Every structure is written in C-alpha cells, then in structure tokens.
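Visitor: I would like a close look at a single part, the open sheet in one of the chains. Please set it in the context of the chain around it.

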Amino acid sequence: MLDVKEIDVAYGHAKVLHDVSVRLNVGETVFIVGRNGAGKTTLLRTIAGLLHPTKGTITHAGQEIQGFAPEEVARRGIRYVAQDKKVFSNLTVRGNVELAAHAAGEDLKAALKKLVDLYPKFSQFLETKAGSLSGGQREILLIGRAVVGNPKILLIDEPTEGLAAIVIDEIFRILNGMKENKVSAIIVEQNLAVVAKLADRIYMMKEGKIHHEIANPREIVATAELEEFL
Amino acid sequence: MDFISIAPYKRGIIFRDLALIGGAFVLLAFFLRLNWVIDFTIFAILVLSYDLLYGYMGRLSFGHVLYYGIGAYTASLFLVHVSPNPFGAIAAGIAVGAVVASVIGFIVVQTEGAPFALVNLAFNQIGYWLAASGLQQITRGEDGLPSSVAAVGFLDFNDKPTVFVFALLCMLAVFFLLKTFTLSPYGVLVRSMKENDDRVQFLGYDTFRYQWLTFVLSSTLAALPGALYAIFYGFVAPTVIIPFGNIEVIFAILIGGAGNLYGALVGAVAFKLISNILATTITRWEMFLGALLLVLVFKFRRGLTGYVADFLPRFRGKPATEG
Amino acid sequence: MIETLLYGFTIGAILYFFSIGLSITFGTMQIVNFAHGMVYALGVYFFITFLPFVGRIFPLALVLAILLSLPIAYVIERFVIRRLYGESLDYAIIATYAVLLMGTDAIKWIWGAAPQPVSDPVGVGIRILDVNFPLYRIFIAASALALFGALRFFFRRSIVGKIVAAALEDREGVRCLGLNVNKYFSIVFVIGSGLAVLGGVLYAPIATSEPYMGFHILLVAFAVVIVGGMGNLTGTFISAFILGMVIAVTGRFYSTAADTMVFVVMALVLLKDSFRKSWQRLTGMGTRA
C-alpha cells in the first residue's frame, strides 16, 4: 500500500539518499536498520512529507504523495513519530491528545480512553504537563497521539532509543499490540531483540542506500547477521 | 604572512581588476558631477567593508554605521583640536574605530542572527545619542562640527580632483586588501565559518578568534570612509552616525550582490545613483525605494553580480570548498 | 515621582499591546516583522480620521480603525510574510522593512508629515494624596492586565491557542498530526496586528502621532521582545513594563537618553551570556567554546 521507488534526497547540495526503494504491504511491520548516519531518519521524514525527494516517487493507495506537505500526508492516515521524543511540553497529556483528536476529527473522550487502554498509568497523568514526563512515557504519549483517528500507517523513528530495559518491554508490548490490530508500520530501530520479534521484513541501510532486504526474518539467523551489520 | 598569501597568478588578476575598476570610476567622473562620484567612492569603501562582515562571514549587522560615524567624528575632532593634517585625521579615525571595534566586537561576536543584528543596532543608537546629546559639549550635537583641512606638501584636500584621486586610491587599496584576504586561506576559513561554524571548530580552529578579527577588520575599514567624509565635506553632524544609514548599506549590497566584493562596488554606485536621481525626480522616492527593495528580495536576491555569475565565474561568491 | 511610575506603567502597557504580535510572529515563524510598525501607524491614522465622523465617540472610531487594519495585516501576511517563511533572517528583515518604508511614505502622502494630536477622551483624573492620576492612564494600564489574562486563557483553554502554543514549541509535531499550522499562524498574526492598533489608538491621546511612529515604537518593541524572550508571552508582559519604567524614569531625569537607555538594557540582556563567556576567555577559565 506504500511504495517508495528509487528516491534521491538531498540536503542542499549534499545527496543523502540514493535510489532508495522500500515497500510496505497492508498489515506488515517493516523495520529499517543501519548505522547512525545511514539515512534511516531521512527516509522516514521524506515519506512523512517533511523532506521532498529530488527524484523518484512515493505512492500511497494509488496516489503519488512525494512533494505533499506533512499535514497532507498525515491526513491521509500516515503518522510520523520523530526520533527526538518531543512532545508539546507546555500542554498537559490531555492537551496533547486533544490536538490529535481535533486534527483527526475524533471524539476526545474516545481518544483518551484509547490512550489509557494503551498505557493504564496515564489515567493518573492526564493533567500533568507533558514536559515533566519521562522519556518512555513521552514515547508512549507520542505513539498514543499518533494512533488517534486510526491511521493506516505508522512511521516510528527509534522508539526504544535511550530507554531503560523495563520501559523497552513496555514499548514492545504496545508495538506488538498494534501489530495484532493490523496497523501497518515502518519502524527504524537499533534494538535487535525488538526487531527480531516483530519484523515481517527488514531493510538494511548503509550510506544512503538500501543495502539488503531480509524478506523472511524468521528463517535467517537474524541476530548474528544484523549484529555484524550494525 | 603565509596564512594570507595567495598564488601569484591570482595577484595578477587582481591588479588587472584594480586597473579596470579605477578606470571605470575615472570615466564616471567625466560623465557625472565630481561631487557625486566622490560620494560614490566613499560610500563604496563603506559597502566593501560591510561585504566582509555580511557577504563573507554571513553576519547581518544593523550597527555598522557606528564605525563610519566614529571615523568621521574622530577625524573632525582631530582636525579641530590637534592638527589640520588630513593624514593624521585619517589615522586617528581608523585607530579609534579599531579600538572601539575590538572592545565591542569581543563581546558582540558571540551572538548571532537577530540578536547580533540588534545588539549592533543598540550600540549604533548609543553612539548616535552620544553624538547628538550625550557628548554634545565635544561634538556640538545637532548643530554639527565644522572643520578645515590644511594642505600637505602638494596635496591640497580643498581641491576636489585631489580628493577624488585620493579617495579612489583608498578604495582600490581596500579592495586589494580585502580581495587578498578573501582569496587566502584566511578567507576560506571565514567563508567556512559562515557555512558551518561547528565543523570548523571541530577542525581545531578557534572560530571566535577569527570571527572577532573579521569583525574588527570590517569595522575598522568602515571608519576610513568616515574620516574621508569629514575631510571632504568639512562638516559632520549626527546624521553620519544615524542607525538608519545601515539600510542604505544593506540596500547597496543587495543590489550588487553580497560575497564577491565586486557586488559591493556595483551596488554602492547603483544605490547612490538611484537615490540621487530619485530624490530629485520623484517625490515619493521612499515608497519607490521600498517597492524596489521588495522586488530585490523576492526576485533578484543575488544582486546584479549574482546574475552575471552565471556567465562569469569571477563573480561567484565561491563556496568554502573552492578557493 | 508617582506620576512618573504611572507613566511608566502606561508606556509599558502600550509596549505590551504592540509587542505581542511581534513576539508571536518571531516565535512561530522566526521572522522579524518590521511591517508590524506600519499596521500600527496606519491603524492610528485611520482612527484619527474616523474620529470626527463618528461624533468623537472613541470606541466607535477604534472599532472602525481596527476593522480597516485587519485586512491590510492579512494582505501583508499572505503576500510577504508567508513567502519569507524558512528563508534566511536577513531577507525577512529587509523585506518587512521595505513594507514599513512604503507604508510610512503612504502615510506621509495621504495625511501629510505634520504631527497629529488627539485629546484625552476621559480628561478626568483622580486625586489621591496630592497626586494627580489621569484616569485614562490607569485605564490603559488596567487594559494591559486584562489583555494578559485574556491571552493566558486563550492559549491555555482554546483549541486555537493550544495549537499555536504547541506549534511555537514543535511546529513539525503539529503538522505531522495533520494540522495546517500556517492557517493558525495567519489568524494569530492578524490578531497580533489588531492588538497593536488597539495599543496605538489608546496611546494616541498621550503622544502625538506622526508618520514615523511605526519606526520609533518598533525599535523599543524589539528590545521588549528580546529581553522578554521571543515567543514568550509572559516574558514579554514583564519586560514591557520594565522597559516602560526605564523610559519613564530615564525620561524624567535625563530626557534625551530615554530611548537610548532602552537599548542599553537590551544590549545588557543580549550580552549577558557573552559577558560571562568573554570573562572566561580573558581569564582563561571555563571550557573552550
């Protein structure tokens, strides 16, 4: 349902992505792995509309969306969760969700319920300023925000980065739940355990190109090869 | 001197350009009023100095005119209180400008963007106030400070052609100096800092030192035309140091194109021509100027030399990788 | 002295009205908007023109002036500001300055360059302990407080306010939720312009209006916004009053230096980090930059 074909992306004169092609089918959870600087974040941001490719196409549900503004991409049901875990820190947790609900045209109460179902502890934190949440809580809030309005595709950038092991388990549980709900996702991740357990397919990126695609991760001794790659 | 040396063949090109530029200005002097061309020349030096700061180092300042004014007032005061020797006045103007720039620069260079532009404006405004009110006893405030120049040897600065030639030589000298600097490794460094300050620091350079040096150089060079102004007109008033004057300089560099020094010259002449002609022919010249400025920013941002750059590599503001 | 303090509050209030728009535009779009001064001046001149036609009913002329100024603000936003988004700061400054220049000249053309006085609409004062408090000035200071409260409510409770507050911090995040941030910024820009006109009109009876009034208040307002923190409305509120005081007090003791003193304060604030760093450099302390 999402088809990225041979895109080039550049920052000014510097080309960072070369002929990158990835595919996401309905209900799949696809991971993108690679070293820092490989271009994973750039790829995700380009799909989200924050960057525009100088060449190539991005097709979603039969329409070409490269060049769309980020809000247009989001309204098509493609939600991006950035790497920096930035929330609207001056708004409360409720306020954060309120914005998402307003944007998606969903009822606030329903959205809040979904958030609390996702992470019951949030019922105590609804009126807390989002800025005082911990890293893990922020990530969960961001994911919770992103799923308001039942988006078709999630683009998540390094969800477990910088988080403690216990919290990572929590994130894993949430992502797994999403997978079971048939939400399609492209996730950038460096935590191999999470990748191995959730991936339907894996793309390995290196120096702005797709180095290799693992179409059936269960069959390969994934950990060894990926570890060497990373 | 190794750091600021450049290849001999480049030096040859520079000398050739100097001759061309000099010739062009002399030609102008034949076709237009000499007063005007002297005006152009003095203003051109000011814009050249600003190009170093804005075009090469990428720092927009709203307070550059402060140093021009310091040059003008110091030179005048020198002529009145110390000696009518014009060279002394120029030296004094430049010296005081350099000292003030060093002190202010040390503090100010650590900011950037809008704060940098506005802090310099603040100092400019303070300077203006000092000239108009604070140090009124010395500067004669709004009334202005008259001065006269004595002849030195065969150089009589009361004779217009002499002033013109002298100013032109100063301009060419400044151009030569700046061209040499910007083509040298030092110049590459400055341009690199404009593009990516952090990276230059990671290479081991103390960017602060070079930014400060460039600021001081640029500001000191702005004091020179101020001193020339004082000598030529024999009268300075707070208008020489008024912050509004910065707009003229910015306008000129926009018209001509920033970052290659030729643009500064072209822009200075073009701006002065336009405003002189406009002021006498159109009553609503401010509105026209504003509209022109808008058009420039939205359509012709790279300035006249920017467009010529497509044909002649000479005019390109070279990226930091070349040079 | 107390009169001076009241005057300081009054100036501070006017500065606050004016600076809000400036602060928000900088906070949301990273654009220094010189044209703000133009809308302000134009609005005041509209007000002065309408006043005799509405039987000198202050509020009516005020409303008309604002109504006429809002479309102009919108046009500026649509055709100049929006095009400057993402561009380097220099171009924003120059372009908006150009608009200010054109507007000022237009004012000179239509209304002439002579200053225009407006009389105090209330014209009454209250006397407490031998000091004369012009009621009008108290009213202005009170309005600023009311505005502060209203804005707080707006940004904390209304959805538009929350969106703008969020966008001030994380523009990308708001867009990636599907919200058209530009539309909200436009709304806020126009509101900010309206507030500036409101402030200007309130100020008109106290000061004379002349074509360059936009320039003058702009410079001081920049100081307010910088000292208060760009995009920080509480900071703007506080710094507006502080700088208003600075102007009033300096004006009383050393009249010509009033405006300049504001710049001294601004420079000090802007440079506080630099002073510390400079000291470290000079004395060899602290880590290298």
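Guide: What follows goes through the sheet strand by strand, then turns to the chain that holds it and to the side that touches another chain.

The model is a predicted one. The sheet belongs to chain A and is open, with 4 strands in the order β2-β1-β4-β5, and its pairing is antiparallel. The edges are taken by β2 (14-24) and β5 (63-64) of chain A; each has a single partner strand, so one side of each has no neighbour in the sheet.

Start at the β2 edge. Strand β1 of chain A, residues 2-11, is joined to β2(A) by 7 bridges, and the two run antiparallel. One of the bridge pairs puts Leu2(A) opposite Leu24(A) in β2(A). β1(A) and β2(A) form a hairpin with 2 residues between the strands, and in this hairpin Gly12(A) has a positive phi near 65 degrees.

At the other edge, strand β4 of chain A, residues 55-60, is joined to β5(A) by 2 bridges, and this pair is also antiparallel. Here His60(A) has Gln63(A) of β5(A) as its bridge partner. As a general point on such elements, side chains in a regular strand alternate between the two faces of the sheet.

Now the chain as a whole. Chain A contains 9 helices and 10 strands, and its C-alpha trace spans about 45 × 40 × 30 Å along the principal axes. A compact globule of 230 residues would have a radius of gyration near 17 Å, and chain A agrees with that because its own value is 17 Å. Of the 230 residues of chain A, 44% count as buried. Among contacts in chain A between residues at least 6 apart in sequence, 68% join residues at least 24 apart.

Chain A also touches chain C: 22 residues of chain A are in contact with 16 residues of chain C. On the chain A side, α2 (70-75), β6 (78-81) and α3 (93-104) each supply at least two residues. The most comes from α3(A), which gives 7 residues. By class, this side of chain A has 12 nonpolar, 4 polar and 6 charged residues.

Chain C itself offers a helix to look at, α8, residues 181-203. At 1.5 Å a residue its 23 residues should span 33 Å, and the end C-alpha atoms are 33 Å apart, so the two agree. In α8(C), 17 of the 23 residues are buried, so the rest of the structure largely encloses this helix.

Key: Residues numbered from 1 in each chain as written. Chains lettered and ligands numbered in written order. Predicted model: local features only at pLDDT ≥ 70, side-chain atom pairs only at ≥ 80, totals over all residues. Expected span 1.5 Å × (residues − 1). Buried ≥ 20, exposed ≤ 12 C-beta atoms within 10 Å, placed from the backbone. Pairing = 2+ DSSP bridges. Rg over C-alpha atoms; globule rule 2.2 N^0.38 Å. Contact = placed C-beta atoms within 7 Å. Nonpolar A, V, L, I, M, F, W, Y, C, P; charged D, E, K, R; others polar.
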